[in-house]
Amino acid sequence: MSAFPSESVSALSAAELNARIRELWADGELPEDRRPEYEALVVEWAAAAREDVEPAA
């Protein structure tokens, strides 16, 4: 598997990105060679999470 997902992660929901992030930590430790993927996913997750928030009335 490559260090980065093949499809654009920006097309994924915050929940889907969160699931991918959790998969990276499945063994309780983030493999050092997967850190760039993790960091990219966290940035995308934060953006997706902000999009899911509805403005206050």
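## A walk through a two-helix model

The protein exposes about 4,400 Å², and carbon and sulfur atoms supply 53% of that area. Before you start clicking, keep in mind that this is a predicted model.

**Stop 1: the whole chain.** Show the cartoon for an overview. You will find 2 helices and 0 strands. Of the 57 residues, 19% count as buried. Now think about how the chain folds back on itself: among contacts with a separation of 6 or more, 57% are between residues 24 or more positions apart.

**Stop 2: helix 1.** Select Ala 14, Leu 17, Ile 21 and Leu 24, which are the buried residues to look at in helix 1. Where do they sit around the axis? They lie on the same side of helix 1, because they cover an arc of only 75°. There is a general reason for such a pattern: an α-helix has 3.6 residues a turn, so residues three or four places apart point the same way. Next, colour Ala 15, Arg 22 and Glu 23 differently. These residues are exposed, and they sit on the face of helix 1 turned away from its buried side.

**Stop 3: the core.** Keep the buried side of helix 1 on screen and add Leu 12, Leu 30, Leu 41 and Ala 48. Together with Ala 14, Leu 17, Ile 21 and Leu 24, they make up the largest nonpolar core, with 8 residues. Helix 1 and helix 2 each supply at least two residues of this core. Which helix gives the most? That is helix 1, with 4 residues.

**Stop 4: around Leu 24.** Centre the view on Leu 24 and show its surroundings. Setting aside neighbours within four places in sequence, Leu 24 is in contact with Glu 29, Leu 30, Pro 31, Arg 34, Glu 37, Tyr 38 and Leu 41. Several of these names come back at the next stops.

**Stop 5: the aromatic pair.** The count here is 1 aromatic pair. Select Trp 25 and Tyr 38: their rings meet edge-to-face, 5.8 Å centre to centre, with 75° between the planes. The pair links distant parts of the chain, since Trp 25 is in the loop between helix 1 (14-24) and helix 2 (35-52), while Tyr 38 is in helix 2, 13 residues apart. Buried or exposed? Both are partly exposed, Trp 25 with a relative accessible area of 36% and Tyr 38 at 22%.

**Stop 6: the salt bridges.** Switch on the charged side chains; the count comes to 2 salt bridges. Begin with Arg 34 and Glu 37, whose closest N and O atoms are 2.8 Å apart. Glu 37 is buried because its relative accessibility is 4%, under the 20% cut-off. Its partner Arg 34 is partly exposed, at 22%. Then move to Glu 32 and Arg 35, whose side chains meet in a salt bridge at 3.6 Å, N to O. In this one, Glu 32 is exposed, with a relative accessible area of 58%, whereas Arg 35 is partly exposed at 30%.

**Stop 7: Glu 51 and Ser 13.** For the last selection, go to Glu 51 in helix 2. Glu 51 counts as exposed, at 67% relative accessibility. Now draw a distance from its C-alpha to that of Ser 13. How far apart are Glu 51 and Ser 13 in sequence and in space? They are 38 residues apart along the chain and 9.3 Å apart in space, C-alpha to C-alpha.

Note on methods
Residues are numbered from 1 along each chain as its sequence is written. This is a predicted model: local features need pLDDT of at least 70, side-chain atom pairs count only at pLDDT 80 or more; totals for chains, interfaces and linings use all residues. Side-chain values use heavy atoms; hydrogens and water are left out. A salt bridge is a side-chain nitrogen of Lys or Arg within 4 Å of a carboxyl oxygen of Asp or Glu. Buried means under 20% relative accessible area, exposed over 50%, partly exposed in between (1.4 Å probe, protein chains only). Rings of Phe, Tyr and Trp (its six-membered ring) pair if their centres lie within 6.5 Å; planes under 30 degrees apart count as stacked, over 60 as edge-to-face and the rest as tilted. The arc is that of the directions from the helix axis to the C-beta atoms. A nonpolar core is a set of buried Ala, Val, Leu, Ile, Met, Phe, Trp, Tyr and Cys residues joined through side-chain atoms within 4.5 Å. Contact means heavy atoms within 4.5 Å. Accessible areas come from the Shrake-Rupley method with a 1.4 Å probe; for residues, only the protein chains shown count as cover.
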